[in-house]
Amino acid sequence: MSRFLVTGGAGYVGSHTVLALRERGEEVVVLDDLRQGHREAVPPGVELVVADLANRKRVDEVFASYKFDGVLHFAALSLVGESMREPMRYMAENLSNTLWLAEAAVKAGCMRFVLSSTAALFGFPKYIPIDENADIAPVSAYGESKLMAETGLKWAERVYGLRTASLRYFNAAGADPLGRLGEDHNPETHLIPLAINAALGLGPELTVFGTDYDTPDGTCIRDYVHVTDLADAHLRVLDVLKQRPSVRYNVGNGNGYSVREVIDTVQRVSGRKVPHREGPRRPGDPAVLVASNRLLREETGWQPRHESLEDIIRTAWAWRAAHPQGFSSPAAKPQAA
Ligand code: UFG
């Protein structure tokens with residue numbers, strides 16, 4: 001058994017990864033300021049330290065209280081649109097939190113570090129599917145902030161020997177297939193939960209951002225990767241880091257689906273209409289983002305278990321239909337892992 005520190009472990013991808021670590025029998029401590037995370041998403045048996053990562057004294061205390069075998073760093077500002085209104089805050093906060101966390105880990109002798117990175121690193125890609133050799137050219141301050149974090153970790157690796165993994169997520173989606181956790185952002189900006197909320201009458205009608213892209217149906221194509229598969233990638237890279245000093249992987253399903261296909265699938269899965277209208281393009285949206293996951297599969301044995309869009313949306317729908325107010329719903333009791 002090992003023990004891991006998970007920052008942002010009360011958030012969407014973080015909490016699903018905490019559950020996966022617990023299911024593997026690992027000990028977990030979550031560090032989360034609950035700005036975006038939910039106390040209810042942390043399972044019993046997992047200590048939750050409510051603290052801001054900028055509080056370096058508190059972070060050092062956490063490292064002094066436990067011996068960790070690795071850090072999984074999910075906590076970050078992560079809204080592309082917001083990052084273009086507050087670029088300096090995004091870059092300063094995401095970079096400095098990563099740097100000081102890595103330094104605290106090294107000081108405590110905790111030498112494995114997994115960073116949540118993003119497909120936003122690739123900006124407008126020159127080819128599809130996007131592999132690990134694609135040009136890095138972010139077009140948002142969010143993407144830039146994660147590039148800066150990756151660069152910072154490179155120096156922690158060179159100078160201190162910290163073993164680092166950067167996972168470039170494509171579009172995380174879906175919910176725990178057993179219904180213990182789901183997606184609950186405030187504000188919600190992601191397509192699948194917005195479409196589901198519209199179908200349930202819990203949110204406004206959906207706006208389709210652009211119908212004149214150079215794609216078969218004119219709407220943007222994205223690679224939706226199930227959050228449980230994403231969680232599994234973290235467990236696998238933790239093992240890889242025992243052998244290798246540094247790895248970078250694109251984490252996606254390898255399949256692309258358009259906005260219209262998402263709407264159709266939500267309608268089919270739910271048996272309800274998704275009220276929607278067509279709107280202008282959202283600035284900064286590339287037409288197509290699809291990952292090559294060949295390297296991740298070959299080097300870690302990773303294999304998506306929820307590959308079909310229908311499967312992904314079914315799990316997201318089931319959780320939201322059972323928890324209309326997200327984690328504030330009466331049904332959202334903490335679940336044992
Ligand atoms: N979309 C709509 N209407 C909406 C919301 C989204 O049409 O109300 C469209 C977007 O234009 C896009 C697709 O649905 O084509 C998916 O949009 P999301 O906002 O769900 O996700 P993004 O692809 O914009 O962003 C995701 C992650 C980011 C990451 C980015 C990498 O959420 O963190 O992928 O490109 F940076």
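**Ligand shell and Thr 300**

β8 gives the most to the shell around the ligand, with four residues. This is a predicted model, in which local features need pLDDT of at least 70, side-chain atom pairs count only at pLDDT 80 or more, and totals for chains, interfaces and linings use all residues. Residues are numbered from 1 along each chain as its sequence is written, and side-chain values use heavy atoms, with hydrogens and water left out.

Q: Why is Thr 300 called buried?
A: Buried means under 20% relative accessible area (1.4 Å probe, protein chains only). Thr 300 has a relative accessible area of 12%, so the term buried applies.

Q: What makes the pair Thr 207 and ligand a polar contact?
A: A polar contact is a pair of N or O atoms within 3.5 Å; within protein, one must be able to donate a hydrogen and the other to accept it, and residues adjacent in sequence count only if both atoms are side-chain atoms. A backbone N or O atom of Thr 207 lies 2.7 Å from a ligand nitrogen, so the pair meets the cut-off. The ligand taken alone exposes 690 Å², of which the protein buries 90% (Shrake-Rupley method, 1.4 Å probe).

Q: What makes the His 190 and ligand pair a polar contact?
A: A polar side-chain atom of His 190 is 3.0 Å from a ligand oxygen, so this pair also qualifies.

Q: Which residues does Thr 300 touch, not counting residues up to four places away in sequence?
A: Contact means heavy atoms within 4.5 Å. Thr 300 touches Arg 236, Val 237, Val 240, Tyr 249 and Leu 295 on that count.

Technical notes
Helices (H or I, at least four residues) and strands (E, at least two) are DSSP runs, numbered from the N terminus. Buried means under 20% relative accessible area, exposed over 50%, partly exposed in between (1.4 Å probe, protein chains only).
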